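Trainee: I would like a close look at one part of this model, and then at how the rest is put together.

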Amino acid sequence: MKFLVTVTAATHVPFVIGISEAMRRAGVPAPASWAIAVVLAVAGIAMFFGRARNMMNDRPRPWTQTFLVDVPYFAHWSACIYCLVPSVLYVLIAPIVSSISAGFFMWTYLSGLVVCGYGVTFRRWFFVTRRVDVPIRGLDKDLDGYTIVHLSDLHIGALTPKWWGQRWVDAANGEGADAVVVTGDMVTSGVAFHEDIADLVGGLRGKDGVFVSMGNHDYFGEGEPLIHLLLSRGARVLRNEGHLVDRGPSAKLFVTAIDDTWTKRADLDRALEARPDGVPTVLLAHDPDRFPHAAKRGVDLVLSGHTHGGQIAVPFVAKHINASKLAHHFHLGTYKDGDSTLYVHPGLGTTGPPIRLGVAPAVVVLRLRAV
């Protein structure tokens, strides 16, 4: 918390300079413009405390507070972060070529407000449907074209409410998929939204069922109540265990999952111990870093989430330039290791600042192809 508050305070320095300059250009005298800018910055830093606490234990809040206060605040907060690096570079370089102009900080903050306002509102709201073909060696011809709708990282909470997630459920069900999987992090934090999550996941429909693996955020509170609610709604919560999809004498598919790796609940050996010989295997693993271990065990397809593709990336080359590359080797899209395939879902919700830029939320439809 101290680190985040320090960063928030530091990023408000360019804000003070930029806003005071904007008011000066609007005719407000210099002493008053500086005083107003400082007061606004102090208010911005103080407001961060409440929003940081909400991130730690998310609870329902009035929609007026969420969408008329919190969302605009995070657009502002993100714009301040946006300003930090160019402002530091400008302070270092400007004295060499000319002199420092307060106008730079004004236009940088205002441009950041536009970009981040878009990321916190529209880009976070609108999702896409992605279609991916996955070759599976040894897949029975009767399962060729088997479809799996993949959802991940819903992060249902005050900033991503149930009615928001219902659109994803409707889109998933509209595919008429053979199976639907949810690879963890249904929760933002706490337990207050468990019923909403269970209603959404319980509303998913797949011909062979709905399969769920747990993520680290699902244990940010108490995970067991959520598991019981999901089971009561008909979802199969796979915790180091599997389920055999049986479409005929040789048309079989083993769907399994490991539990959360961050809380040391994952056990790949247990997840695979009931796998029949020669049956293609789909493994749900919230954390994609387990892919190399799964590939060594002959898992054909690993479905993961966790990274959100960084939430912020360079458009059109998001797989190659995104924030999650700082922490993860597998961060977005498709990866291969021999005959094994990993698909890392970009996520649907958000954590931390509720912003997406360059990484669209997605409902992913995977089609298995026999090779």
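Is N322 buried or exposed, and what is its relative accessible area?

Mentor: Note at the outset that this is a predicted model. In the model, N322 is buried, because its relative accessible area is 9% and the cut-off for buried is under 20%. The residue sits in the loop between β9, residues 301-304, and β10, residues 333-337.

The side chain of N322 has two polar partners to look at. One is the backbone oxygen of K319, which the side chain of N322 reaches at 3.5 Å. The other is the side chain of H331, joined to the side chain of N322 by a polar contact of 3.2 Å. H331 also appears in the contact list of N322, together with G309, G310, I312 and A313, once neighbours within four places in sequence are left aside.

From the loop we can move to the strands around it. β10 pairs with β11, residues 340-344, in the antiparallel sense, over five bridges. One of these bridges has D337 facing S340 in β11. The two strands form a hairpin with two residues between them. G338, in that turn, has a positive phi of about 65°.

β11 has β9 as a partner too: four bridges join them, and here the strands run parallel. S304 has V344 as its bridge partner in β11. As for exposure, β11 is mostly covered, with five of its five residues buried. Its side chains go two ways: S340, L342 and V344 point one way, T341 and Y343 the other, and all are buried.

The positive phi of G338 belongs to a glycine turn residue, but the backbone offers two cases that are not glycine. Most residues other than glycine have a negative phi. N240 departs from that pattern, with a positive phi of about 60°. N240 is in the loop between β5 and β6 and counts as buried, because its relative accessibility is 5%. K264 likewise is not a glycine and has a positive phi of about 60°; its place is the loop between β7, residues 252-257, and α9, residues 268-272. K264 is exposed, because its relative accessible area is 75% and the cut-off for exposed is over 50%.

The loop with N240 leads to β6, residues 241-246, where L244 is found. L244 is partly exposed, at 33% relative accessible area. Not counting residues up to four places away in sequence, L244 touches K252, L253, F254, P276 and V279. L244 and D208 are 36 residues apart in sequence, with their C-alpha atoms 9.8 Å apart in space.

β5, on the other side of the N240 loop, is part of an open sheet of six strands. The strand order is β1-β12-β2-β3-β4-β5, and the pairing is mixed. β1, residues 128-136, and β5, residues 236-237, stand at the edges. Each edge strand has a single partner, so one side of each is left without a neighbour in the sheet. Within this sheet, β2, residues 147-151, and β12, residues 362-370, pair in the antiparallel sense over four bridges. H150 stands opposite V364 in β12.

A helix residue also makes contacts to follow here. A171 lies in α6, residues 162-173, and is partly exposed, with a relative accessible area of 21%. Leaving aside neighbours within four places in sequence, A171 is in contact with F127 and V363. A171 and V149 are 22 residues apart in sequence, and the C-alpha to C-alpha distance is 9.7 Å.

The last item is a helix pair. The axes of α1, residues 2-25, and α3, residues 63-97, come within 8 Å and cross at roughly 75°. That angle makes α1 roughly perpendicular to α3. On the α1 side, the contact is made by V7, T8, A10, T11, H12, P14 and F15; on the α3 side, by Y73, H76, W77, C80, I81, C83, L84 and S87. Sorted by class, the contact has 10 nonpolar, five polar and no charged residues.

To return to your question, N322 is buried at 9% relative accessible area, with its side chain in a polar contact of 3.2 Å with that of H331.

Definitions and conventions. Residues are numbered from 1 along each chain as its sequence is written. This is a predicted model: local features need pLDDT of at least 70, side-chain atom pairs count only at pLDDT 80 or more; totals for chains, interfaces and linings use all residues. Side-chain values use heavy atoms; hydrogens and water are left out. Buried means under 20% relative accessible area, exposed over 50%, partly exposed in between (1.4 Å probe, protein chains only). A polar contact is a pair of N or O atoms within 3.5 Å; within protein, one must be able to donate a hydrogen and the other to accept it, and residues adjacent in sequence count only if both atoms are side-chain atoms. Contact means heavy atoms within 4.5 Å. Axes are lines fitted to C-alpha atoms, for helices over the stretch in contact, and angles run from 0 to 180 degrees between N-to-C directions. Angles under 35 degrees count as roughly parallel, over 145 as roughly antiparallel, 65 to 115 as roughly perpendicular and the rest as oblique. Ala, Val, Leu, Ile, Met, Phe, Trp, Tyr, Cys and Pro count as nonpolar, Asp, Glu, Lys and Arg as charged, and the others, Gly among them, as polar. Two strands pair if DSSP finds at least two bridges between them.
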